[in-house]
Amino acid sequence: MSAAVLAIRSVEENDLPAVHRIEASSFADPWSLQSFRSTMALERMRFLVAEESVEAPDGGRTGEPQLLGYVIAIVLSDEAEIADLAVAPLARRRGIGGMLLDRIVAESIERGVRTLYLDVRESNVGARALYESRQFLPVGRRRGYYRSPLEDALLLKRELAPR
């Protein structure tokens, strides 16, 4: 019997078209393909993808791996911000967003980050529940932050280490 195997790894150039498709299917005002490409080139950025492959009974892989989600964080000294996180619509509700978030938190701690921030659309109940489950707490509001449709963002913060 075959089994699905999920791996989280650093993004590669050939992942960008799939990343962009997920972005476009997830957000009303998506990043451009060029924005993702530029992000890859910056040292302070952490850009991870979740990829699923199917493992055959003999331990080999069958078929092409499927990119199911990604997370991008900007690391600036002892603070970082999650700039983007999305999971392909057909792969949602499987814990992939949580795995990506947990991995970026762990990597941030390893890099000496003490405080992690993110913005979330106020009406995005699913994302807010995910972030709250990972101890992100609301600390502010950005009025009119999102376009298409116009909506406030909630600024969330998680302390990773005492100051």
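Biologist: Why does L118 of this predicted model count as buried or exposed?

Modeller: The relative accessibility of L118 is 1%. Buried means under 20%, so L118 counts as buried.

Biologist: Where is L118, and with which residues is L118 in contact, leaving aside its neighbours within four places in sequence?

Modeller: L118 belongs to strand β5, residues 115–121. With those neighbours left aside, L118 is in contact with I82, Y131, F136, L154, L155 and L156. The C-alpha atoms of L118 and I96 are separated by 18 Å, and these two residues are 22 residues apart along the chain.

Biologist: What makes A161 buried, partly exposed or exposed?

Modeller: A161 has a relative accessible area of 25%. Partly exposed lies between the limits of 20% and 50%, so A161 is partly exposed. A161 is placed in the segment after β7 (151–159). Its C-alpha atom and that of I96 are separated by 25 Å, with their positions 65 residues apart along the chain.

Biologist: How do you know whether helices α1 and α2 are parallel, perpendicular or oblique to each other?

Modeller: Helix α1 (residues 16–26) and helix α2 (residues 33–41) pack at an angle of about 125 degrees, and their axes are 9 Å apart. Roughly perpendicular covers 65 to 115 degrees, and roughly antiparallel is over 145. The angle of α1 and α2 falls in neither class, and the two helices are therefore oblique to each other. In passing α2, α1 makes a right-handed crossing.

Biologist: Which residues make the contact of α1 with α2, and how do they divide into nonpolar, polar and charged?

Modeller: From α1 the contact takes L16, P17, V19, H20 and E23, and from α2 it takes L33, F36, R37 and M40. Six of the contact residues are nonpolar, one is polar and two are charged.

Biologist: How many aromatic pairs are there, and why is the pair of Y145 and Y146 stacked, tilted or edge-to-face?

Modeller: The count comes to six aromatic pairs. The ring centres of Y145 and Y146 are 5.0 Å apart, and rings pair if their centres lie within 6.5 Å. Their planes stand at 90 degrees, and planes over 60 degrees apart count as edge-to-face, so the pair is edge-to-face. Y145 is itself partly exposed, because its relative accessible area is 42%.

Biologist: Which residues do ring pairs link into a cluster?

Modeller: W31, F36, F47 and Y70 are linked into a cluster by ring pairs. F36 also takes part in the contact of α1 with α2.

Biologist: What makes the phi values of R93 and Q135 worth a remark?

Modeller: Most residues other than glycine have a negative phi. Phi of R93 is near 70 degrees, and phi of Q135 is near 65 degrees; each is a positive value in a residue other than glycine. R93 is found in the loop between β4 (79–87) and α3 (96–110), and Q135 in the loop between α4 (125–133) and β6.

Biologist: Why are R93 and Q135 called buried, partly exposed or exposed?

Modeller: R93 has a relative accessible area of 81%, and exposed means over 50%, so R93 is exposed. Q135, at 48% relative accessibility, therefore counts as partly exposed.

Biologist: What kind of peptide bond, cis or trans, joins S148 and P149, and where is P149?

Modeller: Most peptide bonds are trans. The bond that joins S148 and P149 is cis, with omega about -5 degrees. P149 is placed in the loop between β6 (137–146) and β7.

Definitions and conventions
Residues are numbered from 1 along each chain as its sequence is written. This is a predicted model: local features need pLDDT of at least 70, side-chain atom pairs count only at pLDDT 80 or more; totals for chains, interfaces and linings use all residues. Side-chain values use heavy atoms; hydrogens and water are left out. Rings of Phe, Tyr and Trp (its six-membered ring) pair if their centres lie within 6.5 Å; planes under 30 degrees apart count as stacked, over 60 as edge-to-face and the rest as tilted. Buried means under 20% relative accessible area, exposed over 50%, partly exposed in between (1.4 Å probe, protein chains only). Axes are lines fitted to C-alpha atoms, for helices over the stretch in contact, and angles run from 0 to 180 degrees between N-to-C directions. Angles under 35 degrees count as roughly parallel, over 145 as roughly antiparallel, 65 to 115 as roughly perpendicular and the rest as oblique. A crossing is left-handed if the near helix is turned anticlockwise from the far one by less than a right angle, and right-handed if clockwise. Contact means heavy atoms within 4.5 Å. Ala, Val, Leu, Ile, Met, Phe, Trp, Tyr, Cys and Pro count as nonpolar, Asp, Glu, Lys and Arg as charged, and the others, Gly among them, as polar.
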